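Student: Please take a close look at a single part of this structure, and set it beside a description of the other parts that are described.

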Amino acid sequence: MATLPIPHNGGLRFQAFHPADKPFPVVVTRKKLLFWAKLGAWRLEEVKVTVSEVLEHPHAIFQGLRKEEDENKGPDGAGWWCFVGVPSTRFIKHGSGARKPNAREIFPVFVTDEDVVYNARWEEVENENNVVWMREEHPERFRRRIFPDPGMQGQSQ
Amino acid sequence: MIAELENDAELQAILAMPFKPIAQYDEDGDCVEFFAENVPFNAVRLDDWVAMYVAENDGRLVGCLIKRVQRLFRECPDLQEIVLVQDNKMRLDYFFVAAAVHFQNRENVHRYNELKRATEGVEVPLPCVAA
């Protein structure tokens with residue numbers, strides 16, 4: 001189980017896993033929280049619980065979305081991060097509970113270099129299962145995978 | 001629920017309202033997100049700019065994400081000319097027509113058409129557009 005976010009400037013603040021440092025704060029802004037809340041309580045639960053789980057216990061972290069790369073900051077191109085995980089549950093609409101994700105489902109959370117979440121959604125990977133997908137590089141989407149370290153396969157959370 | 005959210009009057013009022021299609025520009029992510037329905041969805045990445053959202057239960061189109069909006073306009077002023085209407089609002093259906101031509105990605109033409117129909121008349125205010 002992940003730690004629930006705490007309120008922050010009307011939005012939410014999460015603790016995100018860092019592969020080489022202490023956990024660091026990541027926020028969902030007030031504007032984004034209210035927008036996503038318009039989808040209903042299930043989406044709010046997804047933001048609070050599922051986003052928390054993936055930020056705190058990612059299976060993989062990718063760095064530098066391909067088309068954002070010239071906006072990246074830092075000497076090694078430290079830019080936008082995509083945390084990917086397979087959360088323990090998937091919320092279903094209108095209080096009908098949750099189910100376990102299937103073997104092709106992943107939940108990416110996209111974070112800017114200002115540590116702001118701008119997108120979080122379920123995806124289904126094609127032609128393989130989610131664990132295999134998260135251990136590959138996906139150069140068509142990301143510059144590189146920073147966690148797990150390619151030399152430390154099998155040690156992801 | 002987190003106690004502060006339970007006592008958040010604005011948030012609770014939103015949760016109590018019936019759903020209607022929504023779209024918003026996100027300055028942090030430089031992206032526009034649109035929802036035609038409020039159902040659990042999967043994102044299907046079409047290309048570097050667009051992800052379509054499909055219903056988790058039957059795969060029907062229920063929304064989309066358009067990325068790099070301001071950057072795209074800076075790089076393609078012609079596209080901006082077509083897509084922006086008065087008061088600096090972005091017409092999403094115009095975007096999908098213009099983008100289908102501009103990107104010349106034949107593989108996704110039918111999906112862009114589907115997105116155009118789903119976003120007919122939807123306008124999203126943008127804060128400002130760099131020249």
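Tutor: A residue is called buried when its relative accessible area is under 20%, and by that criterion 50% of the 131 residues of chain B count as buried, bearing in mind that the model is predicted. The part of chain A that deserves the close look is A:R145, which belongs to strand 11, spanning residues 142-147. A:R145 is buried, yet no salt bridge is formed by this residue, since the nearest side chain of opposite charge, that of A:E137, is 4.2 Å away, and a salt bridge requires a side-chain nitrogen of Lys or Arg within 4 Å of a carboxyl oxygen of Asp or Glu. A polar atom of the A:R145 side chain does, however, lie 3.0 Å from the backbone oxygen of A:P148.

Elsewhere in chain A, helix 1 (residues 30-37) packs with helix 2 (residues 41-56) at an angle of about 140°, the two axes being 8 Å apart, and that angle makes helix 1 of chain A oblique to helix 2 of chain A. Helix 1 contributes A:L33, A:W36 and A:A37 to this contact, while helix 2 contributes A:R43, A:L44 and A:V47.

Turning to chain B, one finds six helices and eight strands, which follow the order α-α-β-β-β-β-β-α-α-β-β-α-α-β from the N terminus on. Along the principal axes, the C-alpha atoms of chain B fill a box of roughly 50 × 35 × 25 Å. Among the contacts in chain B with a separation of 6 or more, 50% are accounted for by residues 24 or more positions apart.

Notes:
Residues are numbered from 1 along each chain as its sequence is written. Chains are lettered from A and ligands numbered from 1 in the order in which they are written. This is a predicted model: local features need pLDDT of at least 70, side-chain atom pairs count only at pLDDT 80 or more; totals for chains, interfaces and linings use all residues. Side-chain values use heavy atoms; hydrogens and water are left out. Helices (H or I, at least four residues) and strands (E, at least two) are DSSP runs, numbered from the N terminus. Buried means under 20% relative accessible area, exposed over 50%, partly exposed in between (1.4 Å probe, protein chains only). Lys and Arg count as positive and Asp and Glu as negative; His and the chain ends are not counted. A polar contact is a pair of N or O atoms within 3.5 Å; within protein, one must be able to donate a hydrogen and the other to accept it, and residues adjacent in sequence count only if both atoms are side-chain atoms. Axes are lines fitted to C-alpha atoms, for helices over the stretch in contact, and angles run from 0 to 180 degrees between N-to-C directions. Angles under 35 degrees count as roughly parallel, over 145 as roughly antiparallel, 65 to 115 as roughly perpendicular and the rest as oblique. Contact means heavy atoms within 4.5 Å.
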